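Here is a short report on how two chains meet and how their helices pack. Look over the sequence and the model before reading on.

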Amino acid sequence: MSVPTGHAATVEYEHITKSYDAAALKKGAGAVNDLSLTVPAGKICVLVGPSGCGKTTSLKMVNRLIEPTSGRILIDGQDAAKRDPTELRRGIGYVIQQVGLFPHQTIEQNVGTVPRLLGWPAARWKARSEELLATVGLDPAKYARRFPAQLSGGERQRVGVARALAADPPIMLMDEPFGAVDPIVRERLQNEFLRLQETLAKTILFVTHDIDEAIKLGDIVAVMQAGGKVAQFAPPAEILARPASEFVARFVGTDRGLKRLSLFRVSSLDLGVPTIAHVGDDATAVRGRAAADPLASALLVDDQRRPLGWLLASELPSSGSIGPEHTVPVSPLLDRRTTLKDAMSLLLGSDVKAGVAVDRTGAVLGLVTVAQITDWVRTSDDAVPDKPFEDEDFTPVAEG
Amino acid sequence: MNGKPLIEIGWVNDHWGLIGQRFIQHLQLTLVPVVAGFVIALLIAIFVLGRPRLYALVIGIAGILYTIPSLAAYLLVAQFTKLSLLTAIIPLTTYTLLILIRGIVAGFRSVPGDVLEAAEGMGYTATQRLLRVELPLAVPLMFAAVRLATVTTIGLATVAAILGDTYGGFGQFLTEGLQNFFSTEIYLGAILSVVFAVAADLILVRVERLATPWARARAGAR
């Protein structure tokens, strides 16, 4: 029953300009000036910028809710202006901030909107609706027959995403889709959205004014400034490491160093090697080795290499054997997947100089110190984050 | 009143056939103008929607029509139609226009902007959007206007008694009662009109609820 997924299309803006008269500009219409950029197929491209920068205007030109004054938009190389707008729109998913569910239709009917417009038989669009509700985490048995007014804001937003996916469009346009829900729900929707995109691999144009959201969701980010100019078009890590202009630097904020840390994980550090001791080791020997360690301590581990605690050289007995009773607790414990931002925060909040990174079984991988993280920040301008990013055919083409 | 009862039940019992006949007439005098008025108002509303100046003009004209006294309107129209059903239908229809055009336009305007944008963005044609999104969502406010127009028409139709026995409706009882100083007919005409109006309103409320199950669905009512 289900439509094959995975097809994505490229979207190319070619010298797109949209001018408005003074009255429209005053009402907040965002003009666009000679915008050229290419959104690679299957990637999330975030258009971010202050209000009136033309990001929403740029988005709505893809499904021709707004027609450009000049320039072309190519979808998979085909000029959007040459296609019938209605037929074009049915092939592009569209999600807006206020969701815009039809209040008089059930959730099932709402999700089946485009399939019904395309004339699918009832059994088929209903099955598709159910499938999609499940995909976005809403139990079809519970939700299919409800009306939008009976759902919470977060649930409505999920239905909005399901509706946009209904006919399996190669492109999705999302205009501040998570802007109207509270921060906790937003965070959850963002994470679900990223997980969904991993399997769907749609080409997604995503508009937001929130730089943190842009960094978190974007494979590539276009920072736009007033008048519809692209100030920088690059992967988030690069924008944070090397803002192209004063404007971009100001827009991403003075804490861009910290924001950058949230893109990377402990696994990208060269971990420090601890001095290891085992239960039952001779105290004198361990004391000697610990004293030689830069941290003046050794890490006591069990037979699975799981950390039991720190042994401080100065507090070890001079004879006998070493046991857990000689240790101070190991905190913080870090995971390979812990972001550097969280690692930094944990380290700053603890009494110990080094955090212990462990693998999935809890075995010691190595040590993380604040100094290591700061050193890494200074030397890693070209680092690529651990997001699924490193496709070889992924070369941003920019400038406007 | 000379010690006679206000309503002689015996007379009423003898005249059920007449009451039924005049009910049919009154129903006709109500249904035809409201339905015709709705169709005309809907077409006008769709045409003036998004044309605020034209809308103001249309409402102005409908307002003027509404202020013409009904008796004067019947006599005026009778010049052209002779004494026929149309003599009453035409003025009664024009009276509904002010209420209905306003209500229908308000209904369309109550459709949220994000819903319209979503509909357009997902590939509804203009006609599909009008019929499948705007019209159903305008129903609650439209229905409020239809109820008001119906009740108003039922009242105004009593004056149509001047059309005589063929078309007159409940108004006939009033006219005859006044002519013969017979209180039973006066009260009967008045009570029947009121009961009809209230019943019609209740029926329309019921119809509206059936037509808009979504309007009562709220977050609390899971």
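Is the crossing of H7(B) and H9(B) right-handed or left-handed? It is right-handed. This is a predicted model.

**The helix pair.** The axes of H7(B) and H9(B), residues 183-211, come within 9 Å. They cross at roughly 165°. Angles over 145 degrees count as roughly antiparallel, and H7(B) and H9(B) are therefore roughly antiparallel to each other.

On the H7(B) side, the contact uses residues including Val139(B), Phe143(B), Val146(B) and Arg147(B). H9(B) brings, among others, Ser193(B), Phe196(B), Asp201(B) and Glu208(B). The table sets the make-up of this contact beside that of the chain B side that touches chain A.

| Contact | Nonpolar | Polar | Charged |
|---|---|---|---|
| H7(B) with H9(B) | 10 residues | three residues | three residues |
| Side of chain B that touches chain A | 11 residues | three residues | five residues |

**The chain contact.** Chain A and chain B put in 19 residues each. On the chain B side, helix H6 (113-121) and helix H7 (126-156) each supply at least two residues. H6(B) gives the most, with six residues.

**The cores.** The largest nonpolar core has 132 residues. Within that core, Leu205(A), Ile101(B) and Ile104(B) touch the most other members. Beyond its neighbours within four places in sequence, Ile104(B) contacts Ala41(B), Leu42(B), Ala45(B), Ala138(B), Met142(B) and Ala145(B). A second, separate core holds 22 residues, including Val159(B), Ala161(B), Leu163(B) and Leu174(B).

Methods: Residues numbered from 1 in each chain as written. Chains lettered and ligands numbered in written order. Predicted model: local features only at pLDDT ≥ 70, side-chain atom pairs only at ≥ 80, totals over all residues. Contact = placed C-beta atoms within 7 Å. Helix = DSSP H or I, 4+ residues; strand = E, 2+ residues; numbered from the N terminus. Nonpolar A, V, L, I, M, F, W, Y, C, P; charged D, E, K, R; others polar. Core = buried A, V, L, I, M, F, W, Y, C linked by C-beta atoms within 7 Å. Buried ≥ 20, exposed ≤ 12 C-beta atoms within 10 Å, placed from the backbone. Axes fitted to C-alpha atoms, helices over the stretch in contact; angles between N-to-C directions. Parallel < 35°, antiparallel > 145°, perpendicular 65-115°, else oblique. Left-handed = near helix turned anticlockwise from the far one by under 90°.
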